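Reader: I have a few labels to check against their cut-offs. Please take me through the reasoning, one term at a time.

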Amino acid sequence: MLVYIAGSGAMGCRFGYQISKTGNDVILLDNWEEHIKSIQENGLKITGDVEETVKLPIMKPTEATKEADLIILFTKAMQLPQMLQDIKGIIGSETKVLCLLNGLGHEEVIRQYIPEHNILMGVTVWTAGLEGPGHAHLQGVGALNLQSMDPENQEAGRQVADMLTEAKLFATYDENVLPNIWRKACVNGTMNSTCALLDCTIGELFASEDGPKMVKEIIHEFVIVGEAEGVSLNEEEIVKYVFDTSVKAAHHYPSMHQDLVQNHRLTEIDFINGAVNTKGAKLGIDTPYCRLITQLVHAKEEILKIK
Ligand code: NAD
């Protein structure tokens, strides 16, 4: 199988590295010049649970020519449309495209570029970090769920799940992946945005008097909007999942904190709390917590002059 990783930052490097161990061909795509140069000259350096440097091809998306069997999307959410535009040249009639980005509504964007029967949607609890150009830091274990968007094309999704499991990425074919995508979005929508705004760890947020109350209000907004969209969500189970996750990740600053506070990068807020507020507005459902959080994060991006 020829697998392209479309967006080879932290997560793309993890997936590209692990899939390359299976004997499938992997090509990394990215447009970050120093990262490309470093990997081309020195290989991709992996540290953390394993220490290894691997030779992997990397190029800009517009330079790739061979038709893909599978493309795994791993840009940040707001970078997705440009990436989909730039990979048009490697998409054939049978190319499968798997989306594992955090956030909501990506399937609507992907449908504008890829026929439904080739789209696989998923969600992952794997994590990864970048130490610098050409250097990924991989720690911990994870898993992922995925589903073919076209129910007639389940077989393709199952084959991709098998290949990812062979790569020790532990993929499950999920006959109803959307609730799991929303559940992960609840984790991001409660901890990421609030810890970024409050400049605190997950543990500090949940130890505060108002933190857990706010978290429950945000989850409630996600649930009523998701349900109105036809996604079946169990609020009690999601609250438990988010609180359990907060205990395991108590010492962490979530990725939006890293983006906004530490690295002054644009956030994915429009695809998390912002998506719930936009969807809610269309459905006539008021989501004041998600709206305020989205506005505060955007205001902070502006104050920091992040573009
Ligand atoms: P990242 O910023 O490290 O990687 C994105 C990469 O895409 C960058 O290297 C960037 O240069 C590249 N890129 C963006 N647009 C491009 C374009 N048009 N052409 C070529 N290259 C382009 O981000 P990440 O942390 O790997 O996250 C990717 C997605 O996975 C996000 O949705 C994130 O929320 C999600 N996610 C991340 C983690 C994590 O631990 N990092 C965990 C789970 C999910």
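Reader: Which residues of helix 1 are buried?
Author: They are Met11, Gly12, Cys13, Arg14, Phe15, Gly16, Tyr17, Gln18 and Ile19. The model is predicted.

Reader: What makes helix 1 (residues 10–20) largely enclosed by the rest of the structure?
Author: Nine of its 11 residues are buried, so the label follows. Buried means under 20% relative accessible area.

Reader: Why is Thr267 called buried?
Author: Its relative accessibility is 7%. The cut-off is under 20%. Thr267 therefore counts as buried.

Reader: Where does Thr267 lie, and what is it in contact with beyond its neighbours within four places in sequence?
Author: Thr267 lies in the loop between helix 10 (255–262) and helix 11. Leaving those neighbours aside, Thr267 is in contact with Met78, Met256, Leu260, Val297 and Glu301.

Reader: What makes the pairing of the Thr267 and Glu301 side chains a polar contact?
Author: The distance is 2.7 Å. A polar contact needs N or O atoms within 3.5 Å, one able to donate a hydrogen and the other to accept it. The Thr267–Glu301 pair therefore qualifies, at 2.7 Å. The side chain of Thr267 also has a polar atom 3.3 Å from the backbone nitrogen of Ile269.

Reader: Why are helix 11 and helix 12 called oblique to each other?
Author: The axes of helix 11 (residues 273–283) and helix 12 (residues 288–303) cross at roughly 130°. Over 145 degrees would be roughly antiparallel, and 65 to 115 would be roughly perpendicular. The angle of roughly 130° fits neither range, so the pair is oblique. The axes come within 8 Å, and the crossing is left-handed.

Reader: Which residues make that contact?
Author: Helix 11 supplies Asn273, Gly274, Val276 and Asn277. Helix 12 supplies Cys290, Arg291, Ile293 and Thr294. They divide into three nonpolar, four polar and one charged.

Reader: What makes Glu227 partly exposed?
Author: Its relative accessible area is 40%. Buried is under 20% and exposed is over 50%. The value of 40% is in between, so Glu227 is partly exposed. Its place is in helix 8 (residues 211–228). Not counting residues up to four places away in sequence, Glu227 touches Ser232 and Leu233. The C-alpha atoms of Glu227 and Pro179 are separated by 9.6 Å, with their positions 48 residues apart along the chain.

Reader: How do you know that Glu217 is partly exposed?
Author: Glu217 has 37% relative accessibility. That is in between the limits of 20% and 50%, so the label is partly exposed. Glu217 is in helix 8. Its C-alpha atom is 28 Å from that of Gly142, and the two are 75 residues apart along the chain.

Reader: Why is Lys305 called exposed, and where is Lys305 placed?
Author: The relative accessible area of Lys305 is 68%. Exposed means over 50%, so Lys305 meets the definition. It is in the segment after helix 12. Lys305 is not a glycine, yet its phi is positive, about 55°.

Reader: What is phi of Asp199, and how accessible is Asp199?
Author: Phi of Asp199 is near 50°, a positive value in a residue other than glycine. Its relative accessible area is 47%. Exposed needs over 50%, so Asp199 is partly exposed. Asp199 is in the loop between helix 6 (178–198) and helix 7 (202–207).

Notes
Residues numbered from 1 in each chain as written. Predicted model: local features only at pLDDT ≥ 70, side-chain atom pairs only at ≥ 80, totals over all residues. Heavy atoms only, no water. Axes fitted to C-alpha atoms, helices over the stretch in contact; angles between N-to-C directions. Helix = DSSP H or I, 4+ residues; strand = E, 2+ residues; numbered from the N terminus. Parallel < 35°, antiparallel > 145°, perpendicular 65-115°, else oblique. Left-handed = near helix turned anticlockwise from the far one by under 90°. Contact = heavy atoms within 4.5 Å. Nonpolar A, V, L, I, M, F, W, Y, C, P; charged D, E, K, R; others polar. Buried < 20%, exposed > 50% of the residue type's maximum accessible area, 1.4 Å probe, protein only.
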